[in-house]
Amino acid sequence: MVATKTIPDFSLSPHIDQVGVEERASRFTKRSIKNETKINGLKLALNMIDLTTLEGKDTDGKVKQLCYKAQHLHDAYPGLPTVAAICVYPSMVKVAKKALGDSGVKVASVSTAFPSGQAPRDVKIRDTKFAVSEGADEIDMVISRGKFHMGEYNFVFDEIAAVKEACGNARLKVILETGELGTYDKVRRASDIAMYAGADFIKTSTGKMSPAATMPVTLVMLEAIRDFYYKTGKRIAMKPAGGISKSKLALHYLVMLNEVLGEEWMNNHWFRFGASSLANDILMQLMKQKTGVYQSADYFSLD
Amino acid sequence: MEKVIAKKIAAKFSENGSHNVSEKRLEVLKTYKIYVGGQFPRTESGRYYIATNGKGDKLANMCLCSRKDFRDAVGTARSAFGGWSARAAFNRGQILYRIAEMLEGRKAQFIDELIKQDSTAVQAEAEVNLAIDRLIYYSGWCDKFQQVFSSVNPVASSHFNFSATEPTGVVAAIAPQNSSLIGLVSVIAPIIAGGNSCVILASSSKPLCAVTFGEVLNSSDLPGGVVNILTGKVGELIPFFADHMDVNAAVYCESDAANKQLIKEKSALNVKRVVIYDEVKWMTDKAQSPYFIMDFQEIKTTWHPIENIGGAKAGY
Amino acid sequence: MQANYFYQCSTIKQDCTGRNFGPVLTIQTFRTEDEVIEKANNTPFGLSAGVWTDKGSKIFNMTTKLRAGVVWANTYNKFDPTSPFGGYKESGYGREGGLHGLTAYVNIV
């Protein structure tokens, strides 16, 4: 379990067969899942959610409200888990931290000039340090996609490493913004860079653009995690974010996770969903299973 | 070279004066599908049943919709409700008029389908004519029933107090089973005239016109999802029509006591508005009135203060 | 019962929707009008609502979008025999009072 000291040549990252990976990803959607397993899967998915609000108009009130939701997903259904974390901007970390208290729900903060990442390195480092000092348990950084496209992989690598250092004990999620990378080859390469540079998580998207997370992109990243694990013995976590709003899709992701990385990854330490509306869809499915009748959004609080 | 071939083909087609198409051609039959969200999907279940006429001759394969089809249709009806209810009443009237125009243009097809389903030619024409007229009737009411059924209330305090109509929301309806077209149209028209969206289960035994009516709706500027038409069996789907929590009103048009009871009981779960039309003769004038629109309207009362200057009480 | 208030709880929390017949106030904040309408309608009930603003056009904007049977502007819990009372959704059907309260007693032919 010793991390390798050798940094590979990232231009040699494996190339991805687009058609193959998309076909493979679509097959995970064809599994039949028994009812009881489905309910367990839905509860697990709930517990993996990073409930997110990342708006310019975020206020203390909005964040407190979301923190309430994180701890009381649906009081009419006893025994539900909480979500994994609340994801906010650095300026809201303190509010969230206080509102969540000792509930066990973590506070994640985006940083490094999220979502574009177009700022000097020292600004990004300060942004990160600020969030950590306010109490963030996890930092979601964005990579410099411009530099990545220019082939300056060392720049991207060094930046991630520097942010990782600034994180201290906070876990670092590295957002690739796959929608801006363009090809699966580049997604794979960016994943490799992030993992070797010290990422604890690799994450698909900011959620600020479309396309965000897709199953094939996530599959490419999961396979990168698997290869990295075989090479270094180090486990990396995964977070698809954006565009996952239906329970059925969340279950497809869990099937894929289980079949690519295995049971070790099937918990919220190693896998997260970045989503805001997924929670209510899962709650509606769970209530449908419990009561036998189709539900209405009127019965589930927005936040 | 190409010209020679073209000439040969032309010659072949003009044998005996003109090419006789009807004898050699295989007729293209319509696949009857369902109408959901402005599209014509098949049932998610992949099941079908065979629609027959009274003698038992096969007419077509129909989708045998499942509860999941119904759930999906309610979802699209809910999404469509906001936009449709926010349309200007006059605009809804224009669209209902447009539906009538489109139906008029495809009259022959509907008459043909009605005859296949055991109507005489005379009955069939009368039914299609009345369906068109009924749409025109409700088209006219779209921007008038509000004025008839709203009120300004003479309250004692200094408030402008008024009560106005508003659509109930998503309506789940089981269409009259003994008619193919007029029952369906008579139920749908007042629901959408009032700004609601709906999911309707066509007559199980006479389903052809319902699907073709979906095609009429689809070419009438009616936004997708406002009307969703399913085909299938009443007995299988009725519990879901009544207990879906995102449905605001349920309509049943038969006199089956057990089904009426079931609808009433299950609707109580979320206090659905239950509307039962078990004695309506759809081919008569009694089957149309603004009260049918009011079956799917809520009354909202607003209290607005009136400033009171110089001691003189102001009010209406 | 002691007076209580719940600040920043959820709209679906029992205290918000469960019809407490006691001195309980639940409070939530909002930023935009769209948001407050969305929150106000995020409930299976719809008996009544209240709006406080000194802008007439805003009152009517709000009152048309709130899914409730009675909407009070700059007042609350006012009743009058001539004013219909009754709810949307799970708050029941039919109205009492006023012209609309009479419809239940009329057989229209």
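Select chains B and C of this predicted model and display the surface between them: the two chains bury about 2400 Å² together, and 56% of that area lies on carbon and sulfur atoms. For a first view of the contributors, colour B:Ile299, B:Lys300 and B:Trp303; these residues supply 26% of the area that chain B buries against chain C, more than any other three residues.

Next, select the residues in contact on either side. Chain B brings 33 residues to the contact and chain C brings 32 residues. Sorted by class, the side of chain B that touches chain C comprises 14 nonpolar, 14 polar and 5 charged residues.

Turn now to the polar part of the interface. Between chain B and chain C there are 20 residue pairs in polar contact, with both residues at pLDDT 80 or more. The salt bridges between these chains number 2. To view a salt bridge, show the side chains of C:Arg67 and B:Glu166, where the N to O distance is 3.8 Å.

Switch to a cartoon of chain B to see which elements face chain C. Strand E3 (151–153), strand E4 (159–167) and strand E10 (297–305) of chain B each supply at least two residues of the side that touches chain C. The largest share, 8 residues, comes from E10(B).

Keep E10(B) selected and add strand E4 (residues 70–73) of chain C. These strands run parallel and are joined by 3 bridges. Centre the view on B:Thr301, whose bridge partner in E4(C) is C:Val70.

Leave the interface and select the open sheet of 5 strands in chain B, ordered E7-E6-E5-E8-E9 with parallel pairing. Its edge strands are strand E7 (227–230) and strand E9 (273–276) of chain B, each of which pairs on one side only. On average, neighbouring strands of this sheet are turned by 15° against each other, direction ignored.

Within this sheet, isolate strand E6 (residues 197–201) of chain B together with E7(B): they pair in the parallel sense over 4 bridges. In this pairing, B:Cys198 stands opposite B:Val227 of E7(B).

Finally, add helix H8 (residues 182–193) of chain B to the view. Helix H8 of chain B lies across strand E5 (170–174), E6, E7 and strand E8 (249–252) of the chain. Looking along E6(B), one finds that H8 of chain B runs at about 165° to that strand.

Terms used: Residues numbered from 1 in each chain as written. Chains lettered and ligands numbered in written order. Predicted model: local features only at pLDDT ≥ 70, side-chain atom pairs only at ≥ 80, totals over all residues. Heavy atoms only, no water. Pairing = 2+ DSSP bridges. Axes fitted to C-alpha atoms, helices over the stretch in contact; angles between N-to-C directions. Contact = heavy atoms within 4.5 Å. Buried area = accessible area lost by both parts, 1.4 Å probe. Salt bridge = Lys/Arg side-chain N within 4 Å of Asp/Glu carboxyl O. Polar contact = N/O pair within 3.5 Å; in protein donor to acceptor, adjacent residues only side chain to side chain. Nonpolar A, V, L, I, M, F, W, Y, C, P; charged D, E, K, R; others polar.
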